[in-house]
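Visitor: Please take a close look at one helix and what packs around it, then follow the surroundings outward as far as is useful. Give the cut-offs as you go.

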Amino acid sequence: RELELLVTVHAEDNQLIEETMSEYQSGKELPAYLHPVLRPARAEYNAVLEVGRLARQLGMPIYIAHLSSAEGYQAFKEIREAGGSIYAETTPHYLTLDNELLVGEDSQKYFMTPPLREKEDNEKLWEGLRKGDIEVVATDHCAYNLEQKFSAEDCLEILPGIPGSETLLPLIYTLGVKRGFFDIIRMIEILSINPAKIFGLYPGKGSVQPGTDADLVIFDPEKEVTISDSGQHSAAGYTPYAGIKVKGYPVITISRGKIIMRDGEFLGERGQGKFVPACESSLY
């Protein structure tokens, strides 16, 4: 608070998780479908409530990363209603995927922490976006490849994390804008403007003001694509959204005025990335 630094929290109540896990420590391998049981949504509720109350007492903002559940969203609303300065993001996987995917031979492809929840949780998070409560959709992108993901079958050993940065925009446009949860202006706020402001990168990022970085996406709202593993450029080599049909897809990506992607072909160069120092968060 004194340094006006934004604290970002992965919100899970570790004590509750350890108590739950103690009931399953039988020496047997724990399959992936037990992951949501061992890390229940109640753990997210407890943690959001705890850090939210503490931040409110200290008079500072708090940011909750990758909100995954209806219970976590409920705790978020309780803190806001009590006057807390709390902000949250969710992710495409908590909006579109559910824990039924954790049953079967490919379960490791859908394994992350917090774990996938129920379909009802998906819809509650969409509601949070529609109402304007949830400010950001990010990806929590993690580029473990399939060899790494399938190196374990026990849910205590599977590497948690999935890729998602390349499919963020088409998924949120198709499932958010096209379904009427919000308009395209609100989508731009959720994906670009809000995170840039919250993390002190605005206006260099998140705007097209004169003198800014000229990071632009040319987007075809009519282009139809079936998301596939072969269409990805991440080191992960796969996508958990394979088979999902989207309408609306980026055709050109420009970074600092230079085209780095055109019609699915990556044109960037290794080493052209640039460190961008953050300033103060807009939340202070």
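Guide: What covers the buried residues of α4 includes α3, β3 (86-90) and α6 (119-130). Contact here means heavy atoms within 4.5 Å; buried means under 20% relative accessible area, exposed over 50%, and partly exposed in between, with a 1.4 Å probe and protein chains only. Helices (H or I, at least four residues) and strands (E, at least two) are DSSP runs numbered from the N terminus. The model is predicted: local features need pLDDT of at least 70 and side-chain atom pairs count only at pLDDT 80 or more, while totals for chains, interfaces and linings use all residues. Residues are numbered from 1 along each chain as its sequence is written, and side-chain values use heavy atoms, with hydrogens and water left out.

The residues of α4 that are buried are G72, Y73, A75, F76, K77 and I79. Helix α4 runs over residues 70-81, 12 in number, and spans 16 Å from its first C-alpha to its last, close to the 16 Å expected at 1.5 Å a residue; the expected span is 1.5 Å times one less than the number of residues. Just after α4, G83 has a positive phi of about 95 degrees.

Helix α3 (41-58) also helps to cover the buried residues of α1, as does α2 (35-38). In α1 (residues 14-22), those buried are L16, I17, T20 and M21. Seen down the axis of α1, they fall within an arc of 135 degrees, so they line one face of the helix; the arc is that of the directions from the helix axis to the C-beta atoms. An α-helix has 3.6 residues a turn, so residues three or four places apart point the same way. At the start of α1, a side-chain oxygen of D13 comes within 3.1 Å of the backbone nitrogen of Q15. A polar contact is a pair of N or O atoms within 3.5 Å; within protein, one must be able to donate a hydrogen and the other to accept it, and residues adjacent in sequence count only if both atoms are side-chain atoms.

Next, the nonpolar interior. The largest nonpolar core has 59 residues, and those with the most contacts inside it are V48, I64, L67, L129, I172 and F182. Such a core is a set of buried Ala, Val, Leu, Ile, Met, Phe, Trp, Tyr and Cys residues joined through side-chain atoms within 4.5 Å. Apart from the largest core lies another, of 5 residues, including Y63, Y87, V136 and L283. I64 touches V9, A11, V48, V51, I86, Y87, A88 and E89, not counting residues up to four places away in sequence.

On the sequence before α6, Q108 lies in the loop between α5 (92-96) and α6. Q108 counts as buried because its relative accessibility is 5%. A polar atom of its side chain lies 3.0 Å from the backbone oxygen of A152. Neighbours within four places in sequence aside, Q108 is in contact with K149, F150, A152, E153 and I158.

Last, the cysteines. The count of disulfides is 0, a disulfide being a pair of cysteine sulfur atoms within 2.5 Å. C142 is in no disulfide, and the nearest cysteine sulfur, that of C155, is 17 Å away. C142 counts as buried at 19% relative accessibility, and C155 counts as buried at 4%.
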